[in-house]
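Please look over the model below before reading on; the paragraphs that follow go from the chain as a whole to one pocket and then to one residue.

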Amino acid sequence: VGCINKTEAGSFSSCISLFPPPQHEHRNKLSVCNKICYAVGGAPYQITGCALGFFLQIYLLDVAQLDPFYASIILFVGRAWDAVTDPTVGFLVSRSPWTRFGRMLPWVVLSTPLAVLSYFLIWFVPPFEEGKVIWYLFFYCIFQTLQTCFHVPYSALTMFISSEQKERDSATAYRMTVEVLGTVLGTAIQGQIVGMATAPCLPGPADIAAGLNSSLSVGLNASKTAYMIASGVICIIYVLCAIVLFFGVREKKGETSEPMGFFQGIKLVMGHGPYAKLVMVFLFTSLGFMLLEGNFALFCSSTLGFRNDFQNILLAIMLSATLAIPFWQWFLTRFGKKTAVCAGSLSVVPFMILVVCMKSNLIITYIVSFAAGVGVAAAFLLPWSMLPDVVDDFQVQNPDSTGHEALFYSFYVFFTKFASGVSLGISTLSLDFAGYISRGCSQPEEVAITLKVLVSAAPIGLILIGLVILYWYPITEERRQGNRKLLQELRDEADSETDSTELVNMI
């Protein structure tokens, strides 16, 4: 107390130093409840994405009965539009003002109602033929835009739930677990409900002329109803997850960035070397897995002949992926993220080869699919776990440039959706050239060959290209740990200055 009466600046500074800065670690600790609530927010993107990825192509071809050429246009244009919206929304989010609820969470809440409505209308067959293509293209683009308004802020929220990298990594592990569970849930809801009302196939023109039109029409109506019921259930889950996220997570105010132009933001994030390499890795590996995801249902039903079992095969893959998450989390912490991405991506390659080389056997297909799910889990978990490291690396190298997290995450999501759009568009267009018959009980041999390429040869080639780029990815475990220590020192210095200022004001 006596030193407070001193008037010399140096003595006063010495007095201040007698008060040790309070410990701030507890401020950044996240409870298990906080992590779970944060993780639940990632489920809607995966549930809807899984349902669209696995089932939209077969729905447009066999239920909406669109020509494969028009279906490819819908899938490609919808995803291309979605990809364009990601950096746009990221730019808008980065310039959003701080509110009492945060900067990211208001985007999540406000986009949810219209997103679920547009999602439901994607799975509704309109009572007219003319304009049906416009119907699906419009609502598909609208949903993708609104989903972007949800997912980009949610992804960037990772950097605002805690300033501790360890806590963010832990929350990301929770999130990835819930997201994989979301893919299981999306596959189960969509697959099981739709599987109970599979539309009958078309045996041939002679059989249709013999009087099968009536039963085929009844079966098709049942499939339309099943898709609507499944989409309604998913919409309810979407809303519940958004509510849990909003009320269960507290967004901490971070650094704000100076307003910058759109193209200036693109130059900023893409000019960071590690980020550009990671994006390219993610682009090629995602494109490979998206090709597998988008065509596996058709491959099982058309090439392998498991028309009534494909939804259960997809569910086996997703269940295996869920069970493999703890293993990959351990592998990641034991051997490092870069090694884990490489091992995880390569682990699925043997099963991609095996599934197209073996003869049609349901039991073996289940076994191979379950084993392949281990690699699918790595594809979901590992690339996202590397992104916070790149953001930290950027902040270490550019300490005066802060508040750009939404831009980094938006471009990452952009390449994911770009890969999905390219894969779905190319796939459906390739099937059109091969002579795919909508709802046909059998397909031409060219279709079988095309599907084998789309679920095996092409994905393997793309994954290998991504791993070659990964070899040059510069952020090793040593560099990651060094960045973490440097950022923690910067935060401790900032906290100490803040506490000193508060103490001076009190005095």
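**From the whole chain to one loop residue**

In this predicted model, residues 24 or more positions apart account for 84% of those contacts in the protein chain that have a separation of 6 or more. The secondary structure of the protein chain comprises 18 helices and zero strands. Of its 507 residues, 55% are buried, while the chain exposes about 21400 Å², of which carbon and sulfur atoms supply 68%.

Turning to the pockets, the second largest one has a volume of about 370 Å³, and its lining consists of 19 residues, among which Leu105, Val249, Arg250, Glu251 and Lys252 lie nearest the centre. By class, the lining residues of this second largest pocket divide into nine nonpolar, seven charged and three polar. Helix H3 (32-40) and helix H9 (205-248) each contribute at least two residues to the lining of the second largest pocket.

A single residue, Gln443, can serve as the last stop, placed in the loop between helix H16 (405-434) and helix H17 (445-471). Is Gln443 buried or exposed? With a relative accessible area of 17%, Gln443 counts as buried, because the term applies to values under 20%. Once its neighbours within four places in sequence are left aside, Gln443 is in contact with Gly435, Tyr436, Ile437 and Ser302. As for Ser302, it lies 141 residues from Gln443 along the chain, yet the C-alpha atoms of the two residues are separated by 6.7 Å.

Technical notes: Residues numbered from 1 in each chain as written. Predicted model: local features only at pLDDT ≥ 70, side-chain atom pairs only at ≥ 80, totals over all residues. Heavy atoms only, no water. 1 Å grid on protein atoms, 1.4 Å probe; cavity = no way out; pocket = protein on both sides within 12 Å on 5 of 7 lines; lining within 4 Å. Points joined across faces, edges and corners; volume = space filled by probe spheres on them. Helix = DSSP H or I, 4+ residues; strand = E, 2+ residues; numbered from the N terminus. Nonpolar A, V, L, I, M, F, W, Y, C, P; charged D, E, K, R; others polar. Buried < 20%, exposed > 50% of the residue type's maximum accessible area, 1.4 Å probe, protein only. Contact = heavy atoms within 4.5 Å. Areas by Shrake-Rupley, 256 points an atom, 1.4 Å probe, with all protein chains shown as cover.
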